[in-house]
Amino acid sequence: MLKSLFNCSGIILLSVFLASGQSASSGRAVLDQYCVTCHNQKLKTGGLVLDKLDLGRIPESAETWEKVIRKLRAGMMPPLGLPRPAPAAYEALTTELENAIDRAAAGKPHLPLPGVHRVNRTEYANAIRDMLALEIDPAAYLPADDSSYGFDNVVSGLQVSPALAEAYVSAAAKISRLALGHETAPNRKIYHVREDYSQEGHIDGLSLGTRGGMIVEHYFPADGEYVISWEPVRTTVGGLYGGDSEDEQAELTIDGRRIRLFKLGTEVPLTSLHDRNEVRIPVKAGRRSVGLAFLATTYVPNVDLNRHYRRSILDDNLIDGFTFTPQVSSLTIAGPYNGIRPNDTSSRNRILACSPSSASEELPCARKILAGLARQAYRRPLTDSDTEALLNFYQAGRNAGDFEDGIERALQFILAHPEFVFRTEDGPATVKPGEPYRIGDLELASRLSFFLWSAAPDEELLKLAGERKLHDPAMLERQVRRMLSDPRAHELVRNFAGQWLGLRTLQTATPEGVIYPDFDDNLRQAFRTEAEMFFESIVREDRSVLALLDADYTFVNERLAAHYGIPNVYGSQFRRVKLEGALDVRRGLLGKGSFQLVTSVADRTSPVQRGKWVLMNILGTVPPDPPPNVPPLKEAASGSGTIEETMRQRMEQHRANPNCASCHRMMDPIGFTLENFDGIGKWRTSQFGRPLDASGQLTDGTKIDGVVSLRQALVRYSPQFVRTFTEKLLTYGLGRGVEYQDMPVVRSIVRESAAGDYKFSALVLGIVRSEPFQMNRKPANDHY
């Protein structure tokens, strides 16, 4: 049904009659004249049938009308070239449709039957961090989570399989040993440098006076000896990158302290197929920064008169103009050898809240330790049966070893327990299966913390929930504001914005090095940091979310500033800069390199992807899928004497296909206005020696010419952007897909936040106060 709305203008014309007070019979005549010729029971064009809709009973066809509303609010109907109603009539129609649906939905929240809501692996890792003071890489223990409705915390994508259940049990055993320092057997971890990572400047976190290299955060599981080795980048025949590097020295550091210097040319051969650059040293258990960098004794090799590209290495081959210095390929840490259990680590200090000095003190101490851990893991007070089960596991471990072995066994049970791995909401016993109910304070505490922190509730939330004070509106607002100001709210940036803005996909974006030799992983990381800091400024400073469209500032370091053409920015630290004058093109989301990169392909820009991104993420409309058997875009012409074609020229040829034209008319004009940004977000005014044409016309008839005019046009649709943003945030906050039945709630949240200029906190509070967030429907069966 959605597809047909892109091709039908009769809905608009019908609504003009209704908004003007004309009778339903007149509206029916307009519908019959302008829409039913295509959208009728016989043709069913686009799957939409309008000749049987009763215009006096709008709520009964809410699903269809919500699609109409979405198109109207985004200015997508009627199609370009057809008559459009006056703005007042346009707004009157949309408001009338919304009001009719909203009135019918009042007091009837959409509460789908809950599924089994497993914590995703990010939430799992954060819960481990908060409970055990142990940072883990969840990818080392659990498979990647599937996304649903754009996010990986949505219940419909969090399926459970026997293999996944085994992974959680295995992770519980390994993490329990790691946290207590019982992992004393040797193991090895290799850290690789990305091939497009440039190493000619100073790397943040490494010693001053060094250049290149790498730094990693490594957890040493036990006290003991460790072998740390590294390999330089070499050619296929074993030659060392960097040419004559006999005067170079590589410095190995742990937590900033020099461990050893390696001299290139002697200890590190200039030609070798088998590197053994290693050192064996004692290291205390815990998380430590291990770095390897080259002493910057001279910068002469980098001060050359030829064109010097930013990217150091291209596909394991040295190309003229690319690299003049040696590079690190990998760092390996093996051990512990002769490992012993540590006495002092952050995780042991967090877990072992007491230490028995006699056999008689062991059981009371175990009870204290395990009760505190389980309360935080289960996100509720413990029952007597909970405590009994914990002590049974403790005793089994104690009988096979010592006191800490007993704690390890019980901790393993906690980390594999269903109430740690799943977010459970059973509902009051008085509520019948299938009936809606208002969730309790403990459940509300969990919803809040997983929404804003991607983690379990902290002690303050649990205490208030246990006292049944969290539901109080004033207390709830205070807690929301406290949580938004907490450093853990960065998880909202990393996980919500990271998925909504496509920042997670930056890691898989690999522009072709021959076409974009100035692109490297350093720039990729800078793109992500800029976008995260920009979004976080909206959260921390409680700005209007409309600033996402046109804020006149951004955050850059030296690498990103050079890419954007911003002068006088030096060093690896990011700082806020004002965007004015020629930098006006960088304002808002559309000016960010992260957006431009993730909406391009490896060897060129993609006006289609950029236009589609704007439609979906700013205007809240989903273009229809392309029809089957659509021919691919024609490859760029090349060869002697061939005039290369711009992206617009190639797209216009592609759009000549009637099967392609209807969809591309919506997306391409938006994408063309962004053509001044190349495939890696660098500003350009010409392509193949010819000026770029960045003009276009939106569906509503607005003429645009470049990113600034596009941004200004989109600002006129600010209310629709806020609705789209709220819909995304509500999806993330509820952990389920937002359907057409939820749109009255979305509109209510947006209306209430309008008085405060759509501040971020107002939208979050609106979601938290909403019935879908504070209510549930009791499952028909016990999931566990």
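This presentation walks through a predicted model of one protein, from its overall make-up to its sheets, its cores and a few individual residues.

Good morning. I shall begin with the whole chain. The protein has 784 residues, and 54% of them are buried. Its secondary structure comprises 27 helices and 18 strands. If we take the contacts with a separation of 6 or more, 72% of them are between residues 24 or more positions apart.

Let me turn to the sheets. Two of them deserve a description in some detail.

The first to consider is an open sheet of 4 strands, and reading across it one meets S1, S8, S3 and S6 in that order. The pairing in this sheet is antiparallel. Strand S1, residues 187–192, and strand S6, residues 277–283, each have a single partner strand, so they stand at the edges and one side of each has no neighbour in the sheet. From one strand to the next, the twist averages 20 degrees. Within this sheet, strand S3, covering residues 223–232, is joined to S6 by 7 bridges, and the two run antiparallel. One position to locate on the screen is glutamate 225, which stands opposite proline 282 in S6.

The other sheet is also open, with 4 strands in the order S2-S7-S4-S5 and antiparallel pairing. Which strands stand at its edges? They are S2, residues 210–220, and S5, residues 257–263; each has a single partner strand, so one side of each is left without a neighbour in the sheet. Here the twist averages 20 degrees from strand to strand.

Strand S7, residues 286–295, pairs with two of the strands I have just named. With S2 it runs antiparallel, joined by 9 bridges. One pair in that set is valine 216 with its bridge partner in S7, valine 290. With strand S4, residues 249–254, S7 pairs in the antiparallel sense over 5 bridges. There, threonine 253 has glycine 291 of S7 as its bridge partner. Is S7 enclosed or open to its surroundings? Since 8 of its 10 residues are buried, S7 is largely enclosed by the rest of the structure.

A further strand pair lies later in the sequence. Strand S10, residues 553–556, is covered on both faces. Tyr553 and Phe555 lie on one side, Thr554 and Val556 on the other, and all of these are buried. S10 pairs with strand S11, residues 575–578, through 4 bridges in the antiparallel sense. In that pairing, threonine 554 stands opposite valine 577 of S11.

I come now to the interior. In soluble globular proteins, nonpolar side chains tend to be buried together. In this model, the largest nonpolar core holds 103 residues. The members that touch the most others are Phe451, Trp500, Phe535, Leu548, Phe725 and Phe760. Which helix gives the most to this core? That is helix H16, residues 521–540, with 8 residues. Phenylalanine 760 illustrates the surroundings of one core member: setting aside residues up to four places away in sequence, its contacts include Leu484, Leu492, Phe535, Ile538, Val539 and Phe725. Asp542 and Arg543 are also among the residues that phenylalanine 760 touches. Apart from the largest core lies another, of 43 residues, with Val119, Leu352, Cys354 and Phe403 among them.

Next, a helix packing. Helix H4, residues 87–105, packs against helix H25, residues 743–754, at an angle of about 105 degrees, and their axes are 9 Å apart. The two helices are therefore roughly perpendicular. H4 contributes Glu98, Ile101, Asp102 and Ala105 to the contact, while H25 contributes Pro744, Arg747 and Arg751. How many of these residues are charged? The division is 4 charged, 3 nonpolar and no polar.

Finally, one residue in its setting. Arginine 494 belongs to helix H15, residues 490–500. Its relative accessibility is 29%, and because partly exposed residues fall between the buried limit of 20% and the exposed limit of 50%, arginine 494 counts as partly exposed. Beyond its neighbours within four places in sequence, arginine 494 is in contact with Thr122, Asn126, Arg504, Arg528 and Glu532. Tryptophan 453 is 41 residues from arginine 494 in sequence, and their C-alpha atoms are 10.0 Å apart in space.

That concludes the tour. Thank you for your attention.

How values were computed
Residues numbered from 1 in each chain as written. Predicted model: local features only at pLDDT ≥ 70, side-chain atom pairs only at ≥ 80, totals over all residues. Heavy atoms only, no water. Axes fitted to C-alpha atoms, helices over the stretch in contact; angles between N-to-C directions. Parallel < 35°, antiparallel > 145°, perpendicular 65-115°, else oblique. Contact = heavy atoms within 4.5 Å. Nonpolar A, V, L, I, M, F, W, Y, C, P; charged D, E, K, R; others polar. Pairing = 2+ DSSP bridges. Core = buried A, V, L, I, M, F, W, Y, C linked by side-chain atoms within 4.5 Å. Buried < 20%, exposed > 50% of the residue type's maximum accessible area, 1.4 Å probe, protein only.
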